Amino acid sequence: MQGDAYLKCIDPQCGLEYPIENTNVQCDKGHMLDVKYKNKPSSSLKEVFYKRRNSEGSIFNESGVWRFRDLLNFCQIDTESMEECSKYLVSLDGSEGRQSKPYHMSKAAEFLGISNDNLWLQPEGYNPSGSFKDNGMATAVTHAKMIGAKKIVCASTGNTSASAGMFAANEGMNCDVYIPAGQIAPGKLSQAYQFGAQIVEVDGNFDDALKQSLDDAQNHDGYTVNSVNPFRIEGQKTIPFRALEYLNWESPDWIVYPGGALGNTSSCGKALMELYEWGWIKKIPRIAVINSEGASTLSDLYNGKFEGEELRWNKGNPNTELISRYYDHLDKEGLRPKTKATAIQIGRPANILKGLRALEFTNGVSTTVSDSEMLDGMSVVGLNGFDCEMASGASVVGVKKLMKEEIIKKDDVVVGILTGRQKDAMIPVDYHRNPENKFAIPPKN
Ligand code: F0G
């Protein structure tokens, strides 16, 4: 018997359903899964969420994730019962998502040539492990705990490992982290070591590490916490929830993300689909996904740069053979994803189909930016007193590029997500030492 929450295959022709305790990240035919809820939440919850901002001593109100627990209630608990919340919901003392909200940053607005009132940037780097991952990890580890998992497993370009390691340590679980050997800056990995995770170095890139981690999770009783896990996506929906809440649920014209494995794109799309279906928002913001030039799978396929066909979700009939041929082409030509923004150095975005669905629903776009542009984006955020990492800089300079192409209009309201905090100490040092860089303030002697 199924309760209110269950899992459903995203392929409309397949549509297989599973009980919420299921731990496979795919349906029996190999398609991705969504968490679904039968009940339509009342929009009066908007007031409940607002009131919970005065936490009254509850860590589940303090948490920027669990404040919205009624919209992620896959544990099917009484969301007003603190006893049930404490028993089921995984939280780092209410800190996940707590400091995340959209801000105006005047120097970034000036750089982009957009009015300060119309530009919002939402730093997710002030999460406890330093990136947006804590939003989705809180929910994935909640599900892991619910089904009694002893070990969580992930592949990572850095931030996922820190987040998984942190929650695992706090919950007394084991954690295995698969990383591409030699391709991750020490600053990005040090937290996973610190939190006692077992690092497994894989000879290959992130895509190879993910494959190996999924195989190992299946064969050795591990619980996968990468964004292919549908419960990760549930927690990451709170990123747009918080943005919308601070905008009084008035949709912006755009929500902009850097694109890697496309978990964020997928979760933002799912959040918007749900809110629109429930009548909580009247306008659907458009999603813009910014790839690095050196890891541009989504942008290439979406914009028809491979074989001239623009890849689309196509109401659930995407041309998956085109994707396979693109990957074969990368392999044959020895093309490996390459960018200094290692967080998004990903060639095979595991959530590409959910990402395409999100872009179709929101009339979204995708483009690329260069490494030096991302560094400028990161640096101008710094000049406003906020810290973000290089991959996050893509959200800023992506807006600039799309404005130049007149896709984003001067009067549009834009929310850019700054996904992670600086963890590579030398990146800003090297940037500012080079006077040629746009925002450099070189040292004096
Ligand atoms: N920004 C940062 C800072 C990231 O760490 C990542 C992904 C992304 C953007 C891309 O987000 O995958 O949702 O499109 N980092 C992963 C990791 C893959 O292992 O830490 P996405």
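Let's start just past helix H7, where glycine 196 follows with a positive phi, near 80°. Keep in mind as you look around that this is a predicted model.

Now step back into the helix itself. H7 spans residues 186–194, and its buried residues are Lys188, Leu189, Gln191 and Ala192. Because these four cover an arc of only 145° around the axis, they sit on the same side of H7. The spacing makes sense if you recall the geometry: an α-helix has 3.6 residues a turn, so residues three or four places apart point the same way. Turn to the other side of H7 and you will find Pro186, Tyr193 and Gln194, which are exposed.

What do the buried residues of H7 pack against? Their neighbours are helix H6 (159–171), strand S6 (174–180) and strand S7 (198–202). So that you can follow this in the viewer, try picking out Leu189, one of the buried residues of H7, and then look for H6, S6 and S7 as the elements against which the buried residues pack.

From here, let's move to strand S12, residues 414–418. Five of its five residues are buried, so S12 is largely enclosed by the rest of the structure. Here, both faces are covered: Val414, Gly416 and Leu418 are buried on one side, and Val415 and Ile417 are buried on the other.

Which strands are joined to S12 by bridges? One is S4 (residues 119–123), which runs parallel to S12 and is joined to it by five bridges. Within that pairing, leucine 121 has glycine 416 of S12 as its bridge partner. Another is S9 (residues 254–258), also parallel to S12, with three bridges between them. For S9, you can use isoleucine 255 as a landmark, since its bridge partner in S12 is valine 415. The two S12 partners named here lie on opposite faces of the strand, Gly416 on one side and Val415 on the other.

Finally, a look at the cysteines. A disulfide is a covalent bond between the sulfur atoms of two cysteines, and this structure holds zero of them. Cysteine 9 is in no disulfide, and the nearest cysteine sulfur, that of cysteine 14, is 3.7 Å away. Why does this pair not count as a disulfide? The sulfur atoms would have to be within 2.5 Å, so a separation of 3.7 Å does not qualify. Cysteine 9 is buried, with a relative accessible area of 4%. Cysteine 14, at 19% relative accessibility, counts as buried too, because the cut-off is under 20%.

Notes
Residues numbered from 1 in each chain as written. Predicted model: local features only at pLDDT ≥ 70, side-chain atom pairs only at ≥ 80, totals over all residues. Heavy atoms only, no water. Buried < 20%, exposed > 50% of the residue type's maximum accessible area, 1.4 Å probe, protein only. Arc of directions from axis to C-beta. Contact = heavy atoms within 4.5 Å. Pairing = 2+ DSSP bridges.
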